[in-house]
Amino acid sequence: MTHPDHPLIPSTGELALEDRASLRRVAGLSTELTDVTEVEYRQLRLERVVLVGVWTEGSAADADASLTELAALAETAGSEVLEGLIQRRDKPDPSTYIGSGKAAELREIVLATGADTVICDGELSPAQLNSLEKVVKVKVIDRTALILDIFAQHATSREGKAQVSLAQMEYMLPRLRGWGESMSRQAGGRAGGAGGGVGTRGPGETKIETDRRRIRERMAKLRREIRDMKKIRDTQRSRRLSSDAASVAIVGYTNAGKSSLLNGLTGAGVLVENALFATLEPTTRRGEFDDGRPFVLTDTVGFVRHLPTQLVEAFRSTLEEVVDADLLVHVVDGSDEHPLAQINAVREVVSDVVVEYGIAPPPELLVVNKIDAATGLGLATLRRALPDAVFVSAHTGDGLDRLRARMAEMIPPTDATVDVTIPYDRGDLVARVHAEGRVDATEHTAEGTRIKARVPMALAAGLSEFTTF
């Protein structure tokens with residue numbers, strides 16, 4: 001019996017010998033710089049990186065897609081990708097992630113390419129990072145550290161910067177060390193001078209402990225600051241929720257076109273950039289449905305497969321926008337090679353957030369974006385797989401009217417338009433209409449006060465007997 005996605009791989013866990021024997025190079029990942037002078041290159045200080053992935057499950061295409069995404073993340077962080085390598089294993093090596101023999105091969109590739117950094121496609125333990133660094137003799141980082149670095153570069157608001165700093169420190173605390181043996185802070189015995197005596201031996205270890213204490217103190221301070229900033233955000237959110245405007249949250253994979261969709265639906269001028277994690281700060285704008293009902297649209301941070309848990313924790317106040325929404329507009333990149341995998345990754349994060357708050361998830365409207373850049377075959381496949389989705393192009397505006405109408409259908413009105421003539425002896429009802437509704441026109445007639453307004457459904461039902469014909 002063989003693996004359903006790869007007929008050559010036994011499902012019992014035994015791996016094909018040729019897959020185990022060598023690292024497999026992934027084509028199309030080289031991003032050599034062109035037309036950049038030596039001076040500009042020095043200013044950019046791009047790190048030259050080799051990517052390494054371990055293929056443990058799924059098809060070869062899935063493994064390639066994961067490493068291709070890692071290459072895009074590395075480029076977003078400002079790195080120059082030289083090579084992409086995948087090794088087939090039943091599970092990552094507990095010591096060096098790819099095994100000692102393959103780590104030695106990786107060292108040869110690092111020397112041949114002139115790379116100064118190795119990026120692993122997964123979250124490595126402190127021991128794995130340390131062991132692999134000793135073999136390849138260059139800096140080793142993992143996918144989590146790479147994403148944290150991108151967030152640190154893109155955060156602009158005070159809250160965003162504080163959230164990213166907290167996430168980085170939570171990640172760094174158990175991994176605190178120098179890069180490589182030559183910078184190791186570990187120094188036992190009488191290092192640092194003879195006759196140090198009790199309490200002064202092992203200055204390297206003392207330095208690390210000091211750093212850890214300072215990091216913990218800084219983390220505690222950041223948590224207090226984020227808590228204070230969260231109170232301000234909660235006040236703003238409660239003000240929005242108490243208004244008559246429906247709350248809509250845009251969620252989706254990074255670079256799926258969420259900000260472009262926000263601009264298209266509300267006319268906002270939010271930054272739009274063809275880059276991963278261009279949006280880290282939640283942006284809220286008002287819009288109106290065709291029937292005149294207002295809605296509030298919030299653009300949230302993009303998700304990615306294996307989003308670091310530290311980031312989910314740090315960006316909790318941002319993700320709370322998802323919890324309070326009346327509708328989730330889930331944006332999918334229709335031009336991506338693996339859109340269904342993106343959908344699953346986003347739903348996993350949303351589910352984790354919603355479950356923690358113990359509430360039912362808001363209704364979801366799938367929106368396939370970038371149809372102008374997608375292939376005909378790809379769109380046909382998506383239409384079969386996602387029959388309830390709305391297909392749009394935020395870039396050209398195609399389908400936005402259909403999307404706005406579908407959003408209006410999925411958010412039932414909480415108020416109604418009334419045209420009533422209230423007798424003069426029912427001044428209490430006139431006062432309620434002014435207090436609870438939005439009055440558009442008032443006219444005094446012989447029969448009473450004629451009012452055209454939008455009022456809550458319950459009040460509209462009580463006014464039905466005074467409807468003007």
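**Figure 1. Helix 4 and helix 5 are oblique to each other.** This view, like those that follow, comes from a predicted model. Helix 4 covers residues 100-113, and helix 5 covers residues 126-136. Their axes come within 8 Å. They cross at roughly 50 degrees. That angle falls outside the ranges for roughly parallel, roughly antiparallel and roughly perpendicular, so the pair counts as oblique. The crossing is right-handed. From helix 4, Ala103, Ala104, Leu106, Arg107 and Val110 take part in the contact. Leu132, Val135 and Val136 meet them from helix 5.

**Figure 2. Helix 6 and helix 7 run roughly antiparallel.** Helix 6 spans residues 143-154, and helix 7 spans residues 158-172. The two axes come within 9 Å and cross at roughly 155 degrees. Angles over 145 degrees count as roughly antiparallel, which means this pair qualifies. Here the crossing is left-handed. Helix 6 contributes Thr144, Ala145, Leu148, Asp149, Phe151 and Ala152 to the contact. Helix 7 contributes Val164, Ala167, Gln168 and Tyr171.

**Figure 3. The largest nonpolar core holds 58 residues.** Seven of its residues touch the most other members: Leu51, Ile98, Leu106, Val118, Ile119, Leu132 and Leu146. Two of these also appear in the helix 4 and helix 5 contact: Leu106 in helix 4 and Leu132 in helix 5. A second core is separate from this one and has 23 residues. Val248, Ala256, Val329 and Leu403 are among them. In soluble globular proteins, nonpolar side chains tend to be buried together.

**Figure 4. Ile119 and the residues it touches.** Contacts up to four places away in sequence are left out here. Ile119 touches Val49, Val50, Leu51 and Val52. Leu70 and Ala74 also touch Ile119. So do Ile141, Asp142 and Leu146. Leu51 and Leu146 are listed with Ile119 among the core residues that touch the most other members.

**Figure 5. Ala446 sits in a loop between two strands.** Strand 15 (438-444) lies on one side of the loop in sequence, and strand 16 (449-456) on the other. Ala446 has a relative accessible area of 75%. Exposed means over 50%, so Ala446 is exposed. Thr421 is 25 residues from Ala446 along the chain. Their C-alpha atoms are separated by 9.9 Å.

**Figure 6. The whole protein has 16 helices and 16 strands.** The protein has 469 residues, and 48% are buried. Its accessible surface comes to about 23,300 Å². Carbon and sulfur atoms account for 52% of that surface. Among contacts with a separation of 6 or more, 68% join residues 24 or more positions apart.

Note on methods: Residues numbered from 1 in each chain as written. Predicted model: local features only at pLDDT ≥ 70, side-chain atom pairs only at ≥ 80, totals over all residues. Heavy atoms only, no water. Core = buried A, V, L, I, M, F, W, Y, C linked by side-chain atoms within 4.5 Å. Buried < 20%, exposed > 50% of the residue type's maximum accessible area, 1.4 Å probe, protein only. Contact = heavy atoms within 4.5 Å. Helix = DSSP H or I, 4+ residues; strand = E, 2+ residues; numbered from the N terminus. Areas by Shrake-Rupley, 256 points an atom, 1.4 Å probe, with all protein chains shown as cover. Axes fitted to C-alpha atoms, helices over the stretch in contact; angles between N-to-C directions. Parallel < 35°, antiparallel > 145°, perpendicular 65-115°, else oblique. Left-handed = near helix turned anticlockwise from the far one by under 90°.
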